[in-house]
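Visitor: Hi! I'm new to this one and would love a quick tour.
Guide: Happy to help, so let's put it on the screen.

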There are 2 protein chains.
Amino acid sequence: MPTCFIDFLSALIVLSGMLENTPYHHGHLRQSLIDEGLKALEQSGLESLSLRALAESLGVSKTAPYRHFATKRDLLTVLAAEGYQLFADKLEEWEKELINIKGKERLNRIYKVYGEFALGNPELYRLMFSRLGNSLHSERCRINAQRSFAVLIRLAEGMLDSQKDPRSLVLSLYANLHGWAMILLDDIIPPDVGVNSENWQEFALKPELY
Amino acid sequence: MPTCFIDFLSALIVLSGMLENTPYHHGHLRQSLIDEGLKALEQSGLESLSLRALAESLGVSKTAPYRHFATKRDLLTVLAAEGYQLFADKLEEWEKELINIKGKERLNRIYKVYGEFALGNPELYRLMFSRLGNSLHSERCRINAQRSFAVLIRLAEGMLDSQKDPRSLVLSLYANLHGWAMILLDDIIPPDVGVNSENWQEFALKPELY
DNA sequence: TATCAATGTAGGCACTGCCAACAAATAATT
DNA sequence: AATTATTTGTTGGCAGTGCCTACATTGATA
């Protein structure tokens, strides 16, 4: 069955729900839970995301979500997978833009791009890189996490003069990127140091200091 | 009133509680909540720490803790403050040990020591550097966080050749340390990369690669 | 000795995740 | 086309949570 036809039927269902009283079957519940979940996540934070509230805001009974996700954690895992996919897509996109940029400037751009994702999707990023979200037993999470990591490796290799094992470099880079992301997201630096989400890049990368 | 006398009275109260049935007043509730809270935190994790369970395990009613902590968050803030103090103490202690160690070896030791704390107190570390715990409006948290940061600055200055602003170096170092801590605590690296809490230091610091 | 503030208890409210039993609508089978 | 089975909803309920109000007990204070 073609997708556009499904969309058409769905539209009919949605319309009929708006005219008559809401139908017994939602029709889109699984996807709606994901969409609304991502929205609620970013708006209200991970801590206060609840299946019941989600269900209510979709006009559906409190236990309806359990027909699609066995536990709340399963929903969160899917949300994280969504995030990992988005992240990998973004990274591959940015990789193309950086193809002709070398050396220190490349490093600067990587920081910029990584920070943009983390600070642009703070709650999603936090979920992805938490015990809740990093569930690598989830196929989708694992695959897309590896895609992201592969991009980082390729980006790092482009900066590596020697033919050494790039793992050390990419892991150092990764720790730095993730460290900065968490530091900025969770406001860890004492305020008198004068670092914030605007100027952090001035401090982030000073390899000549080592 | 001397401390030892208070301790003696407390011991009496505890003893009487063991002989007769538990007395109406606990006597040590605030401190017991902190101690038991730290224990439960490390044993069962931050997510499943509950005031009610804590109260029950101390043989006290479910609302008794609210006589000492207005909200659950307030208890967590105190636990975090406890962590920050412990952290600062450890760092200052280690600073003395590193006083005659210079250059790259010093850097290695800093990584070792920082990792030991984070991996040795995983739940406490996570609490301290989360939105819940990093409450810098708490005097004790702020003061001890600054103490820790000050140690890091001094340690970094000892490695700095030039007379430049040490903030960049210390912030890079900090991002790296915290990044590695979170990466190891939350199992973020894809397993096929082959990094774990045993061998991470082999990868952590390769400044010559930059 | 009477009073009072500190520190405990009991009951309850609103919320949560999730389980079991039942109902409706859609898909599959005869 | 009629019947059956499966999917996807609903209601009610359980145990757990943070935290509020009202009340009880106690040691310190006047």
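Guide: What follows is a chat about the chains, the DNA and a few single residues.

Visitor: Before we start, what kind of model is this?
Guide: This is a predicted model.

Visitor: Okay. How many helices and strands does chain A have?
Guide: Chain A has 9 helices and 0 strands. Read along the sequence, its pattern is α-α-α-α-α-α-α-α-α.

Visitor: And what share of chain A is buried?
Guide: Of its 210 residues, 47% count as buried. Chain A also exposes about 11,000 Å², with carbon and sulfur atoms supplying 53% of that area.

Visitor: What about contacts between residues that are far apart in sequence?
Guide: Take the contacts in chain A between residues at least 6 apart in sequence: 67% of them join residues at least 24 apart.

Visitor: Let's switch to the DNA. Which residues come nearest to strand D?
Guide: There are 23 residues around DNA strand D, and the nearest are Ser61(A), Arg67(A), Arg52(B), Thr63(B) and Lys72(B).

Visitor: Which helix gives the largest share of that surface?
Guide: That is helix H3 of chain B, residues 51-57, which contributes 3 residues.

Visitor: How does the surface near strand D split by class?
Guide: It has 8 nonpolar, 10 polar and 5 charged residues.

Visitor: Which parts of the DNA are within reach of the protein, then?
Guide: Among the atoms of DNA strand D within 4 Å of the protein, 48% belong to sugar or phosphate, and the rest belong to bases.

Visitor: Can you show me some particular atom pairs?
Guide: Sure. Arg67(A) has a polar side-chain atom 2.8 Å from a base oxygen of DNA strand D. For Arg52(B), a polar side-chain atom lies 2.6 Å from a base nitrogen of that strand. With Leu51(B) the backbone takes part: one of its polar backbone atoms is 2.9 Å from a phosphate oxygen of DNA strand D.

Visitor: New topic. Which residues have the most contacts inside the largest nonpolar core?
Guide: Those are Trp180(A) and Trp180(B), in a core of 130 residues. As background, nonpolar side chains in soluble globular proteins tend to be buried together.

Visitor: What does Trp180(A) touch?
Guide: Leaving out residues up to four places away in sequence, Trp180(A) touches Tyr111(A), Val195(A), Trp200(A), Phe203(A) and Ala204(A), along with Leu171(B) and Ala175(B) from chain B.

Visitor: Where does Leu185(A) sit?
Guide: Leu185(A) is in helix H8 of chain A, residues 167-186. Beyond residues up to four places away in sequence, its contacts are Ala118(A), Leu119(A), Pro122(A), Tyr125(A) and Arg126(A). Leu185(A) and Asn196(A) are 11 residues apart in sequence and 9.9 Å apart from C-alpha to C-alpha.

Visitor: Why does Leu185(A) count as buried?
Guide: Because its relative accessible area is 12%, and buried means under 20%.

Visitor: And Ser32(A), is that buried or exposed?
Guide: Ser32(A) counts as buried, at 16% relative accessibility. This serine lies in helix H2 of chain A, residues 29-44. Ser32(A) touches His26(A), Gly37(A) and Leu58(A), not counting residues up to four places away in sequence.

Visitor: Last one: where is Ala64(A)?
Guide: Ala64(A) lies in the loop between helix H3 (51-57) and helix H4 (72-97) of chain A. Ala64(A) is buried, with a relative accessible area of 16%. Its C-alpha atom is separated by 9.1 Å from that of Arg52(A), 12 residues apart along the chain.

Definitions and conventions: Residues numbered from 1 in each chain as written. Chains lettered and ligands numbered in written order. Predicted model: local features only at pLDDT ≥ 70, side-chain atom pairs only at ≥ 80, totals over all residues. Heavy atoms only, no water. Near = heavy atom within 4 Å. Polar contact = N/O pair within 3.5 Å; in protein donor to acceptor, adjacent residues only side chain to side chain. Helix = DSSP H or I, 4+ residues; strand = E, 2+ residues; numbered from the N terminus. Nonpolar A, V, L, I, M, F, W, Y, C, P; charged D, E, K, R; others polar. Core = buried A, V, L, I, M, F, W, Y, C linked by side-chain atoms within 4.5 Å. Buried < 20%, exposed > 50% of the residue type's maximum accessible area, 1.4 Å probe, protein only. Contact = heavy atoms within 4.5 Å. Areas by Shrake-Rupley, 256 points an atom, 1.4 Å probe, with all protein chains shown as cover.
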